[in-house]
Amino acid sequence: MNNSAIKHSVNNILPLLNSGLSTRAMIDLAPQKSAEDKLRQDLQESKTKYALTSEVISDGIWSWDLSSDRLEYSTRWKSMVGYGEQEIKNNPVEWLVRVHPADIEKLKRHLTECWQGKIDRFEVEYSLLHRDGQYRLMRCKCIAVTDLAGEVIHLIGAQTDLTQDRQIKARLNYQVDHDRLTKLPNRQLFIEKLQKLSELEQQANYDFGILCLDLDRFKNINHNFGDDIGDRILVEIARQLESCLRPQDILARLGGDEFAILLTSFVGQERPAEIASQIQQQLSTPIKIANYSILVSTSIGIATADTNCLPPNSVNALLQCLQNAELAMHQAKAMGKARNQVFESRLYLQTLEKTRSEDDLRKALEQEQFLLYYQPLVQLIDQQVIGFEALIRWQHPMRGLISPGDFIPLAEATGLIIPIGWWVLRSACEQMVQWQQNSAAQSLFISVNITGKQFSQPYAGDIIAQILTETGLNPKCLKLEITESEIIENIALVLPTVERLKSLGVQLSMDDFGTGYSSLSYLHCLPVDTLKIDRSFIQGMESDRHQLELVKTIIKLAEVFELDLIAEGIETPTQCAKLLELQCKYGQGYLFSQPVNSAIAATLLH
């Protein structure tokens, strides 16, 4: 038979297997002959088509003659279980004995219903024993062949080996659901397991808890030892965490250096805290990687499914439990790290409030709700105005005017302090240029607070230079204030910016001097022009001899280093007189003026 005939035969039998059409339907379309001759001819044609088809398709074809109980297997079917052409006999036992015990009843039921005529086809999956002792996953499609009387006389089927496809799919699913480095479930799979747990354990009388862990200062480890060492530490941490858990507990890596643990089926609320303490103890010993011995601590948040009013063990309760554990973990970090923190409802309320405040702060920046107030800096001898310090205020649409002490800490924590700080600098420079159009303000300077985060930016000097150019302010009329603690903490990053600014002619003032590190070694290496005595010393020097001596010392230091000196927070004539007696020339405070808007500040120039 040529290729065209084979192709014709295959095209005839494949629709039969796929659609479930019975042989009887095909018999009815044949030319009119005697019933017996017609049936004999059609059966012979079916056998021929079966033999040809089994040679050219990859599935294992089988044909079961129910009258003789003879089951013929194609060569491909036999190879699927690891046997050659002559090694499998033509009887049903060769097939059924190899089906996995868990699947045999299912297969027998489908076969019985098919030859009894209850169904005319079926499709079923089962595991089939290979010669190598391993089971292969198979899918079997079967159709019934009937005679003219409608009686089932043959079962014909095709068997497909799904093992490789399922293995590939399983590997792909594993890669999607697991962390590449630690091989632990990732956040997506962890949440799926929470959802499945809620479905399986709705009626369980057990408690469930979640621990959320974050390694402390892990970025420093990557920075100091390299990412490769950092990765190896994460793998070791994962193994140590697993050693603290039971098989039914679930450990996942949520991302970065954050892990989560689902503790299941325990009795008593103390179990999560006990595991957290055990983990802290486990990690108290340095981890040895390569030639390094590295101590890694962790902050752990603890939450149980009943810490809220949702139904216990529901999917929403468990997802809320994960969120609560993360909130508690962040609280543990804020309280000093290397500790455990059990979730409390007040933490949730605080977080909501913080989130609302952060959103409001972003809107304030976008909608230009900030404004500047100005406090005059004066010459104490005659109270002549020599400059202004620009101070930010927030004109909240609902809460009214908000002082910087109520929102600057949040701006620092969220990083919004950087764009806010540049807005303050630009606005203050623009205002000073407007004032200098009045001859009375030609010699004044504007003093602007700048944060260490701004100063530490790589291009901070260029940004400040650009603002000066665009606003047209003479650099000599700008004085930037930074606290001594921020200067010293970021000295390596601050110095290049300071040098750039000094080359432009911008002045630098060390704010709140005496309250931070007070390291004298930095006074001779930093090109500071002015020291500002913190208001706490001014307020206490009348009643506290030690405070008075500190003020005298700071004034002497300024004299030795040839620096200008400004006293903050002067509120009484007595304080002003004492500072003059101590040779302090400049000051600011409510004695002269509180911070005022730009219109009132303009009147002070006269």
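# Exercises on strands, rings and a pocket

**Exercise 1.** Which side chains of strand β3 (residues 121-129) are buried, and which are not?

*Solution.* Start with one face of β3: Phe 122, Val 124, Tyr 126 and Leu 128 point there and are buried. Flip to the other face, and you get Arg 121, Glu 123, Glu 125, Ser 127 and Leu 129, which are not buried. Buried here means under 20% relative accessible area, exposed over 50%, and partly exposed in between, using a 1.4 Å probe and protein chains only. That fits the rule of thumb: in a regular strand the side chains alternate between the two faces of the sheet.

Before going on, note that this is a predicted model, where local features need pLDDT of at least 70 and side-chain atom pairs pLDDT 80 or more, while totals for chains, interfaces and linings use all residues. Residues are numbered from 1 along each chain as its sequence is written, and side-chain values use heavy atoms, leaving out hydrogens and water.

**Exercise 2.** How many bridges join β3 to strand β4 (residues 135-146)?

*Solution.* Nine, and the two strands run antiparallel; a pair of strands needs at least two DSSP bridges. Strands are DSSP runs of E, at least two residues, and helices runs of H or I, at least four, numbered from the N terminus. Next, look across: Leu 128 stands opposite Arg 136 in β4. Finally, check the turn: five residues separate the strands of this hairpin, and Gly 133 there has a positive phi of about 90°.

**Exercise 3.** How many aromatic pairs does a search of the whole structure find, and what sort is Phe 225 with Tyr 292?

*Solution.* The search gives 11. Rings of Phe, Tyr and Trp (its six-membered ring) pair if their centres lie within 6.5 Å; planes under 30 degrees apart are stacked, over 60 edge-to-face, the rest tilted. For Phe 225 and Tyr 292 the centres are 4.9 Å apart and the planes at 70°, so call it edge-to-face. Phe 225 lies in helix α9 (residues 218-225) and Tyr 292 in strand β10 (residues 292-294), so the pair ties together parts 67 residues apart in sequence. Phe 225 is partly exposed at 30%, and Tyr 292 is partly exposed at 38%.

**Exercise 4.** Where do Tyr 374 and Trp 435 lie, and are they buried or exposed?

*Solution.* Tyr 374 is in strand β13 (residues 370-379) and Trp 435 in helix α15, 61 residues apart. Both Tyr 374 and Trp 435 are buried.
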